[in-house]
Protein chains: 2
Amino acid sequence: MTDTAPGTASRTPTRRYGTRPTMKDVAARAGVGLKTVSRVVNGEPGVTPDTERRVQEAITALGFRRNDSARILRKGRTASIGLVLEDLADPFYGPLSRAVEEVARAHGALLINGSSAEDPEREQELVLALCARRVDGLVIIPAGHDHRYLAPEMAAGVATVFVDRPAGRIDADAVLADSFGGSHDAVAHLIAHGHRRIGFLGDLPGIHTAAERLRGYHAAMSEAGLPVHDAWVSLGPTDPERVRAAATTMLDAAEPVTALFAGNNRVTVTVVRVLAERPAPATPVALIGFDDFELADLLSPGITVIAQDSAQLGRTAADLLFRRLDGAGGDPRRVVLPTRLIPRGSGELPPPATS
Amino acid sequence: MTDTAPGTASRTPTRRYGTRPTMKDVAARAGVGLKTVSRVVNGEPGVTPDTERRVQEAITALGFRRNDSARILRKGRTASIGLVLEDLADPFYGPLSRAVEEVARAHGALLINGSSAEDPEREQELVLALCARRVDGLVIIPAGHDHRYLAPEMAAGVATVFVDRPAGRIDADAVLADSFGGSHDAVAHLIAHGHRRIGFLGDLPGIHTAAERLRGYHAAMSEAGLPVHDAWVSLGPTDPERVRAAATTMLDAAEPVTALFAGNNRVTVTVVRVLAERPAPATPVALIGFDDFELADLLSPGITVIAQDSAQLGRTAADLLFRRLDGAGGDPRRVVLPTRLIPRGSGELPPPATS
DNA sequence: CCCGGCGCTGACAACGTTGTCCAGGGGCTA
DNA sequence: TAGCCCCTGGACAACGTTGTCAGCGCCGGG
């Protein structure tokens, strides 16, 4: 091959982003028309084998790759969907993200994603950036509570599905886990094992799932005719420091809680740490956590959890999204997936006999 | 005279589903020129406050959002980078992915990512799809061993940084963890605690890190003048079944290994399970795992690990990528980040006295 | 031998945006 | 008051692709 650089180096003063060969270059080299190259690249019929060969040769020789930006501009569809979640590094979102990706892949779409870091402003910024890219659809784990900014986008045809938490002040599809039911089950489970003073360590009360879990806690307590002391409930950011302090306060109170219900996996892990660090009490503190996590079964005792299948959540949402993109109409739907209590020991510990 | 074009619809109020207003529409409504709208949208100087107000009003009224596809086509830069990794759901890649995203965000770029599922063909497919989108740069955790297909892309100006494993048959930047050193340290640590028969459970030997870790294992054994029995080394897919079988074989041999070195976090977790399920032996088996993982400190005993900071890996790679994008030249660099042995108990268990 | 039809090919416009360049007007200075 | 410059605004081309449509050659049937 004596071929030299693809596309004669242009004399433009400012070095442009990689001067890549275009279909025009390929056409010129193959001695055919522009549209014929397009036909070959897209596998459209109506090209002589001989012509096709010549074009293919030119393509390889020049290292041509179709510019999808131009294609997108022309066709209108981007074959990509956006995923906005809270934190990619959170083990809860990994499988979810992966599931969405799998579904997207099955539909020939790429996935663009970003983390909102639980910041509504950043969520909006991300979502709108994705809309500007003209993603075909959006899967959103919302951080904010007002999604009216999405109305023009949705009206323009951007399919949108909310996951884990519902949209705020706007009607949209949503796929949720049964936070209320799961939380209720957890607390009822603790009560059934004899606990009366149960602490709840939850996420920021503004987060829908946190509120629902709190509601489940109250419902279960109330059904059992148990009072709830203010000091037994602590909502707020789930950074280890705050959770650690809150748990310690509950456990060191004059009438300490005998069981703890942790509102999500981050909280659970911190609580496990706190409990492990405390001098072993006569009666160990019972614990149930919302969200399953790896190795929960290998701790001693194993950690009883309310499991929600985050991959299933993602898969369901993505399926729904692509059904909308395929033209499925109808009112916004709300899908609620069940949770499952997995007893492993920590949730079955009895309260102190003295209680 | 063709009135079929949807963009030039005569009446503004009714807009077809899926048809978005363009700058032209905004210009018409505001009674200004096209370029003036562009100026307002991009915050360029040279627009009277009054004109700007009119344009802004038209923008909000129509729900206009700039079409970045067209912008990209015109400008050549996409302000997005691609990340190809093995599995988003793997806890090792979550923080890495997040770190890359943070750096991208700091540079005003979006992140498009995909999982190769350790399949070279899928990796190539993904990478080329990203190139077709004209991402500015790529961060790749390679699955394959031949990346010559990337040569035209890199020549065309797509910055590329490989992470965790080097590129195959091509010169490119790479950010790696010190697999050899880490592995060597782990095995030497076990030897220092008296072990002579040490098993190594690793990933597919084709994977660079797996090969390096194996090399570290052999080096440490050899330095200590210890022989390595074939049955002590097992490389292959890291699915629980295979790992479980391999570990069991080593532990049940006539002369069983007294310590295990697990080649990555998935293997480690499986080994922990295997050990936990076996009837407690007189002398527990020592264990060191490559990669740290959450809760490793809370198991009994705590799991000694060779920690590599996956977030740091991602951050370093992304930094390097953007430095290249900002014009940093020079030969491809290979950055090797150190690993750290974290003793937690499982790696300090002595071998049986009878040994 | 001629004509219709069909299969292949290419010229051209359009997608929505940005960069270039020019026109017009108002303010300031001489 | 005239001239000049700056400030604002707009017309136009170009980015690389795809859809439309027309032309050209070839073949078979009349």
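Which strands of chain A does helix α10 (residues 240-252) lie across? The legends below take this up in a predicted model, one close-up at a time.

**View 1. Helix α10 of chain A on its strands.** Here is the reply to the opening question: α10 of chain A, spanning residues 240-252, lies across β6, β7 and β8 of chain A. Follow the helix alongside β6(A), and you will find the two running at about 170° to each other.

**View 2. The open sheet of chain A.** Six strands make up this open sheet, in the order β7-β6-β8-β9-β10-β12, and their pairing is mixed. At the edges stand β7 (233-235) and β12 (340-342) of chain A; each has a single partner strand, so one side of each is left without a neighbour in the sheet. On average, neighbouring strands are turned by 15° against each other, with direction ignored. Helix α8 of chain A (residues 179-192) also packs on this sheet, where it touches β6, β8 (259-262), β9 (286-290), β10 (304-307) and β12 of chain A. The direction of α8 makes about 170° with that of β9(A).

**View 3. Where β6 meets β7 in chain A.** Strand β6 (residues 198-202) of chain A runs parallel to β7(A), and three bridges join the two. To find one bridge partner, start at A:Gly202 and look across to A:Leu235 in β7(A).

**View 4. The protein surface near DNA strand D.** There are 26 residues around DNA strand D, and those that come nearest are A:Met23, A:Ala70, B:Val32, B:Gly33 and B:Thr51. Two or more residues each are given by α1 (23-30), α2 (34-41) and α4 (68-75) of chain A, and by α2 (34-41) and α4 (68-75) of chain B. The most comes from α4(A), with five residues. By character, this surface holds nine nonpolar, nine polar and eight charged residues.

**View 5. Domains 2 and 3 of chain A in contact.** Chain A is divided into domain 1 (23-66), domain 2 (76-177 + 311-338) and domain 3 (179-307). Between domain 2 and domain 3 of chain A, the C-alpha centres lie 30 Å apart. Seven residues of domain 2 and nine residues of domain 3 take part in the contact. On the domain 2 side, the touching residues are four nonpolar, one polar and two charged.

**View 6. Confidence along chain A.** The average pLDDT of chain A is 91, and 94% of the residues score at least 70. Take care with residues 1-17 of chain A, where pLDDT stays under 50. For this stretch, the model has 13 contacts beyond four places in sequence.

Notes: Residues numbered from 1 in each chain as written. Chains lettered and ligands numbered in written order. Predicted model: local features only at pLDDT ≥ 70, side-chain atom pairs only at ≥ 80, totals over all residues. Near = placed C-beta within 6 Å. Helix = DSSP H or I, 4+ residues; strand = E, 2+ residues; numbered from the N terminus. Nonpolar A, V, L, I, M, F, W, Y, C, P; charged D, E, K, R; others polar. Domains from an automatic or database assignment. Pairing = 2+ DSSP bridges. Axes fitted to C-alpha atoms, helices over the stretch in contact; angles between N-to-C directions. pLDDT = per-residue confidence, 0-100.
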